[in-house]
Amino acid sequence: MRRKFYYKNSVAFVFLVVFFCCISVLIISMLKVPDVDTGNRAMSIYDDTPLKSSGNDKSVGTFGNMMINMLPEDLAFTVFVPSETAFERDLRLSANDSLVEEKINDTYVVISRVLGFSAIPRVLDTATVPISGEEVSYDSLSGFELFVSKYAGGVLVVNGVKSESVDIKRGKLVVHVMDGVIMDAEFEQSIQPDFDGDD
């Protein structure tokens, strides 16, 4: 009887040791975050160098390049990037003000959230969207449903937001620059300015 009890406890002990080792490895790999550089560049993981492109790089803009560089280069994605005007108008982000050291982390949070709403894990160029104005539905990275349609002249409309330029190639990525920000109602509500009567 004593021998069975010892045997069961040793198996349980080995199981617990293996379990905690696996959990430790998992936690350490998940917590492996980039080092923060206190120099001129705010975070070393984000490289603002644009990927190879066959399109007009200037139309993507600074924040668009930041969004695109958050995606892996070797996987196919389609990104509906807001124009620089849309970033400033709808999200109150400007290249001169939002990229200073005190605000860079907040800027990356907003941009990564917008990326989750406006990127789909597949190639979707204008040639693959029917021209009839019929909507095609896709799920974005965050699970937000995107309704894409195409009109004469190759203009794409995604959730009511029209494109400014389309089919910009960045390696395996397809980028469409939009005249607005694609986002859900909750995020849109969170970025609205607070009017408290003192203004």
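The protein chain exposes about 12700 Å² of surface, and carbon and sulfur atoms supply 57% of that area. Keep in mind as you look around that this is a predicted model. Of the 199 residues in the chain, 34% are buried. Contacts tell you something about the fold too: if you take those between residues at least 6 apart in sequence, 56% join residues at least 24 apart.

Now for the building blocks. The chain has six helices and seven strands, and reading along the sequence gives you the pattern α-α-β-α-α-α-β-β-β-β-β-β-α.

Let's go to the strands. Seven of them make an open sheet in the order E2-E1-E7-E6-E5-E4-E3, and the pairing is mixed. E2 and E3 stand at the edges with a single partner strand each, so one side of each has no neighbour in the sheet. What holds strands together in a sheet? Strands pair through backbone hydrogen bonds, and they can do so in a parallel or an antiparallel way.

You can walk across part of this sheet step by step. Start at the edge strand E2, which pairs with strand E1 (residues 78-82) in the antiparallel sense over two bridges. Thr-78 has Ile-120 in E2 as its bridge partner. Next, E1 pairs with E7, this time in the parallel sense and over five bridges. Here Thr-78 turns up again, standing opposite Val-174 in E7. One more step takes you to strand E6 (residues 161-170), which pairs with E7 in the antiparallel sense, also over five bridges. On this side, Lys-169 is the residue opposite Val-174. E6 and E7 form a hairpin with two residues between them, and Gly-171 in the turn has a positive phi of about 65°.

Is strand E7 (residues 173-178) mostly covered or mostly open? It's mostly covered: six of its six residues are buried. Leu-173, Val-175 and Val-177 point one way from E7, while Val-174, His-176 and Met-178 point the other way, and all of them are buried.

Next, have a look at the loop between strand E2 (119-120) and strand E3 (136-139), where you'll find Arg-122. With a relative accessible area of 39%, Arg-122 is partly exposed. Leaving out residues up to four places away in sequence, Arg-122 touches Ala-76, Phe-77, Thr-78 and Tyr-138. Arg-122 also shows how folding brings things together: Val-174 is 52 residues away in sequence, yet the two C-alpha atoms are 8.9 Å apart in space.

That loop has another residue worth finding. The side chains of Lys-169 and Asp-125 meet in a salt bridge, 3.8 Å from N to O. This pair links distant parts of the chain, with Lys-169 in strand E6 and Asp-125 in the loop between E2 and E3, 44 residues apart. Lys-169 counts as partly exposed at 29% relative accessibility. Asp-125, at 18%, counts as buried because the cut-off for buried is under 20%.

How many salt bridges does the structure hold? There are three, and Arg-89 takes part in a bridge with Asp-90, where the closest N and O atoms are 2.9 Å apart. Arg-89 also forms a salt bridge with Asp-179, with the closest N and O atoms 3.5 Å apart. That second pair spans 90 residues of sequence, from Arg-89 in helix H3 (residues 84-91) to Asp-179 in the loop between E7 and helix H6 (185-191). Asp-179 is partly exposed, with a relative accessible area of 38%. Since these salt bridges share partners, Arg-89, Asp-90 and Asp-179 are joined into one network.

Finally, the aromatic rings. The count comes to three aromatic pairs. Among them are Phe-19 and Phe-20, which sit edge-to-face at 5.5 Å centre to centre with 70° between the planes. Another is Phe-117 with Phe-144, also edge-to-face, at 5.5 Å and 75°. This pair links distant parts of the chain: Phe-117 is in helix H5 (residues 104-118) and Phe-144 is in the loop between E3 and strand E4 (145-151).

Phe-117 is buried, with a relative accessible area of 3%, whereas Phe-19 is partly exposed at 40%. Phe-19 and Phe-20 also help make a nonpolar surface patch of about 680 Å², along with Phe-15, Leu-16, Ile-23, Leu-26 and Ile-27. Within that patch, Leu-26 belongs to helix H1 (residues 2-30) and is partly exposed, with a relative accessible area of 46%.

Methods: Residues numbered from 1 in each chain as written. Predicted model: local features only at pLDDT ≥ 70, side-chain atom pairs only at ≥ 80, totals over all residues. Heavy atoms only, no water. Helix = DSSP H or I, 4+ residues; strand = E, 2+ residues; numbered from the N terminus. Buried < 20%, exposed > 50% of the residue type's maximum accessible area, 1.4 Å probe, protein only. Contact = heavy atoms within 4.5 Å. Areas by Shrake-Rupley, 256 points an atom, 1.4 Å probe, with all protein chains shown as cover. Phe/Tyr/Trp six-rings, centres within 6.5 Å; stacked < 30°, edge-to-face > 60°. Pairing = 2+ DSSP bridges. Patch = residues over 30% accessible without salt bridge, like charges linked within 9 Å, V, L, I, M, F, W, Y side chains within 5 Å. Salt bridge = Lys/Arg side-chain N within 4 Å of Asp/Glu carboxyl O.
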